[in-house]
Amino acid sequence: MARPMEDSHRRFLQTMMANGIVDEQSARTLYQYCCETHNTQHTPDKLDDFIETINSKLQPMFMQIRKGMSEDNGHQFYALVNMAETDVTRMSSDYADNELELFRKTMDLIVCSENGKASSTDILNSADTLTTKKLKKSETEHLLNRLVHDKWLNEKRGEYTLSTRCIIEMEPYIRSMYQDQVKVCHICRNIAFQCQICEKPTCGIKIHNPCVARYFKGRAEPRCPACDDFWPHEIPEVRRSRSQSKQ
Amino acid sequence: MLRHHQAPEQRSSSGGRVTVSKSRRIHQSRNDSEKEAVQHPELLPEQETVQRGLERFTPAQVDQKTAEVVQFFLVRDQKKIPVRRADLVKHVLKDYRNIYPEIMKRAARTFDQVFGLKIVEIDSKNHMYILVNKLETAEAPPITNPTNPKTGLLFVVLSLIFMKGGAVRENLIWNTLKKLRVDAGEKHEEFGDVKKAITDEFVRQRYLEYVRIPHTEPVEFEFRWGQRAEVEVSKVKILEFMGELHDQDPQSWTQQFREAHSISGSLQSAPSNR
């Protein structure tokens, strides 16, 4: 069913390889550009088919272009991910063993937190408990900067969250590693970190912040979709997708 | 005594041929080897090795190994580190080393068909490879590849070497950069440790060669274009850039113009900005 690959696909793939992750609007523009550059027919709403052609050829190499939602703005992103590793060892060509251990500990903190964030203080404290070679404070700070630069983590006001690329790529690992603790969004069924929780003790469903915004948009009295209790949290605004919006 | 199927004279330097010097055919008895030679006299010993080797593995296994080679190349190339054949054999191929030519052939096909890249041997003595873009650099892409800030610095150095005929004493590089307000001795805002970038990073990435000038006392070094620069960077584009910079016709530099448009000058298939 998948078409053969052409230069338009290859150019798209090369751009994905160089950038790692792009927002949906940029992906659509890139798709059009690649088709026009190589005089291939361009059908605007067939981006997913186009990507499927690439994915069918990437599959033997355990690579895929996967789609996922940003927990910050609710926008869709496309990321080129490595499917081979079932652990953080996918990063082992760039990070030392003790650095990977710290990353795992950061992930522990984020998964087990209520708000999906880990403070730099808590992460620095974790650095003292490493079983592999210890990390100094300055080394930990330098490592966190690298992780942000390499698009594994986001940082805002001293708090760290998992980046969209990280969530898309590590979803299978996180689901299996943290199967009891990981939260799942009741609306979109994906794993959730920055989310709202139903306050009723017997319910306790979780919904991503952007999914809350979309689901409850325009409703005068927001009610939990599972137990019908009043939804007590502040309903965020839906963030409109701008063209060429940066991640 | 094991009979070696690869007679020394057949160990050619053409890239991609099996030149496993220790052809320890552990899995093969001497009788089998002789029988094989009798049954397929038309096959060269090297092809025979590959043929027999392929029979030992399932198609799925060979595909899997090819995929691992592709990934190995991609990871290394992302950091601009050339891939050494010896590393490939030691870390990836292992038991599959006898069918190395077949795996490389399939990997090259994958790079071509899926990624639009090609494997280029930049050092035929040490068997080192890099990936080069087959697609032309396009005009105004909507998403630009994130550029390394040091690319500008590299380009200036490469231009200088090219305009000076292919080799430049290192002092000339430092002095020219100084005139451009880039002091190699100090930490630069954008380029960081300039001296390290040029003498270490660019050399490791094979963009530059840092060669000792013989019979110099104290020792002096000169810079030349590295193998990666030869295949990746367009001399035509450099000359055009020089032309714009000095408001001159590129053809006014007759020697450089001739070199840029010669066969060796157009060694690279597509000016790459990967």
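How many salt bridges are there between chain A and chain B? The count is one, and we'll stop there on the way round. One thing before you start clicking: this is a predicted model.

**Stop 1: the whole interface.** Colour the two chains separately and select the residues where they touch. You should pick up 26 residues of chain A in contact with 27 residues of chain B. Together the chains bury about 2,000 Å² between them, with 63% of that on carbon and sulfur atoms. On the chain A side, show Gln14(A), Tyr33(A) and Met61(A) as sticks: these lose the most area to chain B, and together they account for 30% of what that side buries.

**Stop 2: the salt bridge.** Now select Lys79(B) and Asp94(A). Their side chains meet in a salt bridge, 3.1 Å from N to O. If you switch on polar contacts across the interface, the rule finds eight residue pairs, both partners at pLDDT 80 or more.

**Stop 3: the helices of chain A.** Go to cartoon view and pick out helix 1 (7-19), helix 2 (24-37) and helix 3 (47-58) of chain A; these are the elements that give two or more residues to the side touching chain B. Helix 1 of chain A supplies the largest share, nine residues. Colour that side of chain A by residue type and you get 13 nonpolar, eight polar and five charged.

**Stop 4: Thr15(A).** Stay on helix 1 of chain A, where you'll find Thr15(A). Is Thr15(A) buried or exposed? Thr15(A) counts as buried because its relative accessibility is 8%, below the 20% cut-off. Its side chain reaches the backbone oxygen of Arg11(A) at 2.9 Å. Leave out residues up to four places away in sequence, and Thr15(A) touches Leu30(A) in its own chain plus Ile143(B) and Asn145(B) across the way.

**Stop 5: the nonpolar core.** In soluble globular proteins, nonpolar side chains tend to be buried together. Here, the largest nonpolar core holds 49 residues, and Phe12(A), Leu58(A), Phe73(B) and Phe115(B) touch the most other members. Zoom in on Phe12(A) and skip its neighbours within four places in sequence: its contacts include Ala27(A), Leu30(A), Tyr31(A) and Cys34(A), along with Phe50(A), Ile54(A) and Ile65(A).

**Stop 6: chain B.** Finish by hiding chain A. Chain B has eleven helices and eight strands, and buried residues make up 42% of its 274 residues. Turn on contacts between residues at least 6 apart in the chain B sequence: 62% of them join residues at least 24 apart.

Technical notes: Residues numbered from 1 in each chain as written. Chains lettered and ligands numbered in written order. Predicted model: local features only at pLDDT ≥ 70, side-chain atom pairs only at ≥ 80, totals over all residues. Heavy atoms only, no water. Core = buried A, V, L, I, M, F, W, Y, C linked by side-chain atoms within 4.5 Å. Buried < 20%, exposed > 50% of the residue type's maximum accessible area, 1.4 Å probe, protein only. Contact = heavy atoms within 4.5 Å. Buried area = accessible area lost by both parts, 1.4 Å probe. Salt bridge = Lys/Arg side-chain N within 4 Å of Asp/Glu carboxyl O. Polar contact = N/O pair within 3.5 Å; in protein donor to acceptor, adjacent residues only side chain to side chain. Helix = DSSP H or I, 4+ residues; strand = E, 2+ residues; numbered from the N terminus. Nonpolar A, V, L, I, M, F, W, Y, C, P; charged D, E, K, R; others polar.
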